[in-house]
Amino acid sequence: MDQRTANQYKIEQKRLDFVRGQLAVAQEQLGDTIKKSKAKQKDLESNFYDDVRVKTSTYEGQMETGVSVRQQQQLLTQHQNRWQTATRDLKTLQRLEQNAYFARVDLTEGKDAALEKIYIGLASFAALDNADNYLIYDWRAPICSVYYDSGMGTMTYEAPMGSRKVNVQLKRELQVVGSQVKLVFDTEEAVGDRVLLENLQQQSNPKMKSIVATIQQEQNTIIRDTKSELLIVQGAAGSGKTAAVLQRVAFLLYRYRGNLTPGQLILFSPNQLFNDYISQVLPELGEQNMVQMTYYQFLSRRVPRLTIETLEARFLNNLNPQRAAVTDFKNSLNFFKLLQQYAEQLNQAGMDFKNILFRGQVLISKEQITEIYYHFNQNYNLHNRLEATKSELLKIVNRHIQSEMKKRWVDEKIQNFSREEIEQLTATAPTPLQTEQQQYQFLARKLVRETFQKVRNQIKRNRFFNINQQFIDFLQAVPKLVSLATVGLDAPRWQQAVTTTVRDFKAGKISLSDVSIYLALFDLALGKHPDPQMRFLFIDEAQDYTGFQLAYLQWNFPRAKFTLLGDLNQAIFTHESAPAWSRELSQLFDPATTRMINLQKSYRSTTEITNFSKQLLTTGATIESFARRGPLPVIQQVKSATAAYQFLANELQTKLQGTTAIITKTLEEAHVVRDQLEACGQTVRLIQTENQRLTRGILVIPAYLAKGLEFDQVMLWNVSQENYPNQSTNELVYTMCTRAMHQLTIISVGTPAPAFSQVNPDDYQLVRE
């Protein structure tokens, strides 16, 4: 280390010591605040009514008592909020104590302005004697954007009041661990390759970590976008799409603090396994997790009596070309528009209702409900028409009360009441019951009204609407609404698909495509109001979302700004092409407020793995690799499954470190591989459902559950010509290969899959048995 560098370390260490001293004092002060506020809260709770002035003899006295109670409640709430806020702030300071900051930027703002030294960390922290003197700036602060953007000299950043120009004179990367400055490195770029490389060379972790210290310029653009109604992030595998979007969530919560809560942001992820994988990123940044769910969960919570097609079933069905045409049609944006057209027609005719029953008998027939529903004038929309119908039905129920009171079942029920039951029931009478007749009438009315309450609840909850029949009617009506030939279908083929759907539906089973249609029809037919509170919606692996699904989500969350991140090269569920995807999105969102950002550089894998994998794609030439070297991928060709299992077992016992994933095509294959390895004495863990958690070690996992994840070593099971016979599976093979960070081994029983024939032989090592 030269003298200049040694002086830099000395200066930075001296400043760190000062900052840590300030942090220590601040933590001590917050500790005292928490202790005093908790003690005061406990004292208030113990002596709550001692400090309340109770006067009940007059109206004014009662009012004064109420005001006194309210004041005590407010004091209690204030002290509780005070110690809760202090506790939250203390946790922030404790995080800063472990890693105070990671970067420094020296700049001037204005011609004659003094030089400012901006130290960037996970949260802001001001000097104890001067609240305007920030010792640490939160990485999300507008001024910090210049650190993540390339270059030096004159730069522009976006502040709440508009664009600001600064002159950047120094960018310095710092590695701080506890009380020590471990690294000082000046750079003219955004985040230098040295720090990024050090992070990428580490072993994989069962939980994703934040990337605030290594955010790249293009990721910074994603994070800080506040204007786009639709932000599309099309990125290669391992390009940091998910990491950038999670930092974007943290930025938005910071940018709109006080006007935006975590409950107003929702992330749709590919599976629950992925949700668990990313669960620690936002808490690590000091933010609460937003609403997270899969599209499957979004639908299934509303249809508890239906069994929805699982992720595995959807994956396997997608491999079946016989179902492709019908499924593609149902999944299209045009089909959603067709459903909207059908729902609008229900305002004139065609609504399906069910009889309303009372004690096993028809109380209001479906024909009578239909007559009521359509007797309102044409100005009524579907929502108003339904509400007016419910009001009329409740009136009919109320009119039945008097006649039902005279029924024999009522008399029998009252005669069987015990004296205690009668006394308990009549105690709620508003006026004294002077005679037995008054008592009887009161009991009869109360009994009938309570018995009718179930009917009232059914009406209020729209249980008289026959959504099941309406769904079937819609599917049967499709050939009348559109020319099937224009979507590559004919009437017999469509009818066969409808018959299969109805058969499964009656058995309590439904596909993911059909349940989307089913619920969208329910919402449209009943004029349901969408959710106006959600402000931002994020979809990870968006390439696997259909036009119908995107349209339905947009309908459900009309005020939300959408962020879609995905890689069309990994569309293993929809096989969407880029032009088709773009066309549908341009119909859903205004192109003027749509922004697309392409991330072409892959950071996850070594140069060798990236260069190998991208050749599996016809569009792979644009993918760039980060300069991190490793061994060539290996294709191990064996003659039999027995030899393949033996090779796999030997590999697992020798040179592997960190987490190894054995990725199979299907769950059935994964079970067999697990069983064979355990028979060889190898300890492995099978990931077979999305509700499991990732752990270190050796995992066996089917391809559809591996999406979005990364592992130190990946071994692909039997990627042979027999198992992957044509180019339709190239995207699947690419997805599997790009899960590997450091090492990739491909096992093939017999001739390897045709996908590898387009890869340069110099970019992998072929080993034959």
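Over the ring of which residue does the charged end of R359 sit? In this predicted model, the charged end of R359 is placed over the ring of W409, at 4.2 Å from the ring centre; a charge is taken to sit over a ring if NZ of Lys or CZ of Arg is within 6 Å of the ring centre and within 35 degrees of the ring normal. A further case is that of K665, which lies over the face of Y724 at 4.8 Å from the ring centre.

Residues are numbered from 1 along each chain as its sequence is written, and side-chain values use heavy atoms, with hydrogens and water left out. Because the model is predicted, local features need pLDDT of at least 70 and side-chain atom pairs count only at pLDDT 80 or more, whereas totals for chains, interfaces and linings use all residues.

The protein chain contains 27 helices and 26 strands, where helices (H or I, at least four residues) and strands (E, at least two) are DSSP runs numbered from the N terminus. Of the 769 residues in the protein chain, 52% are buried, a residue being called buried under 20% relative accessible area, exposed over 50% and partly exposed in between (1.4 Å probe, protein chains only). The accessible surface of the protein chain amounts to about 36,700 Å², and 47% of this surface belongs to carbon and sulfur atoms; the areas come from the Shrake-Rupley method with a 1.4 Å probe, and for residues only the protein chains shown count as cover. Among the contacts (heavy atoms within 4.5 Å) in the protein chain with a separation of 6 or more, 74% join residues that are 24 or more positions apart.

One open sheet consists of six strands in the order β10-β9-β15-β16-β8-β17, with parallel pairing; two strands pair if DSSP finds at least two bridges between them. The strands β10 (291-294) and β17 (594-599) stand at the edges with a single partner strand each, so one side of each is left without a neighbour in the sheet. From one strand to the next, the twist averages 15°. Within this sheet, strand β9 (residues 265-269) pairs with strand β15 (residues 536-540) in the parallel sense over four bridges, and F268 stands opposite I539 in β15. Helix α6 (residues 241-255) packs on the sheet, where it touches β8 (230-235), β9, β15, β16 (561-566) and β17, and its direction makes about 170° with that of β15; such angles run from 0 to 180 degrees between N-to-C directions, the axes being lines fitted to C-alpha atoms, for helices over the stretch in contact. Helix α21 lies across β9, β15 and β16 and runs at about 155° to β16.

The residue F268, placed in strand β9, is buried with a relative accessible area of 0%. When neighbours within four places in sequence are left aside, the contacts of F268 include M293, Y295, F298, Y545 and F557. F268 also belongs to one aromatic cluster together with Y295, F298, Y545, Y552, W555 and F557.

The structure holds 33 aromatic pairs, where rings of Phe, Tyr and Trp (its six-membered ring) pair if their centres lie within 6.5 Å, and planes under 30 degrees apart count as stacked, over 60 as edge-to-face and the rest as tilted. One of these pairs is formed by F335 and F474, which are edge-to-face at 5.6 Å centre to centre, with 70° between the planes. As F335 lies in helix α12 (residues 333-345) and F474 in helix α18 (residues 467-481), the pair ties together parts that are 139 residues apart in sequence. Both F335 and F474 are buried. The rings of F335 and F548 have centres 6.4 Å apart and planes at 45°, so this pair is tilted; it links F335 in helix α12 with F548 in helix α21 (residues 547-556), at a distance of 213 residues along the chain.

A second open sheet has seven strands in the order β22-β23-β21-β24-β25-β20-β26, and its pairing is parallel. Here β22 (685-686) and β26 (765-768) stand at the edges, each with a single partner strand, so one side of each lacks a neighbour in the sheet. Strand β20 (residues 634-638) pairs with strand β25 (residues 740-749) in the parallel sense over five bridges, and the bridge partner of I635 in β25 is I746. Helix α27 (residues 730-737) is mostly covered, with seven of its eight residues buried, among them L732, V733 and Y734.
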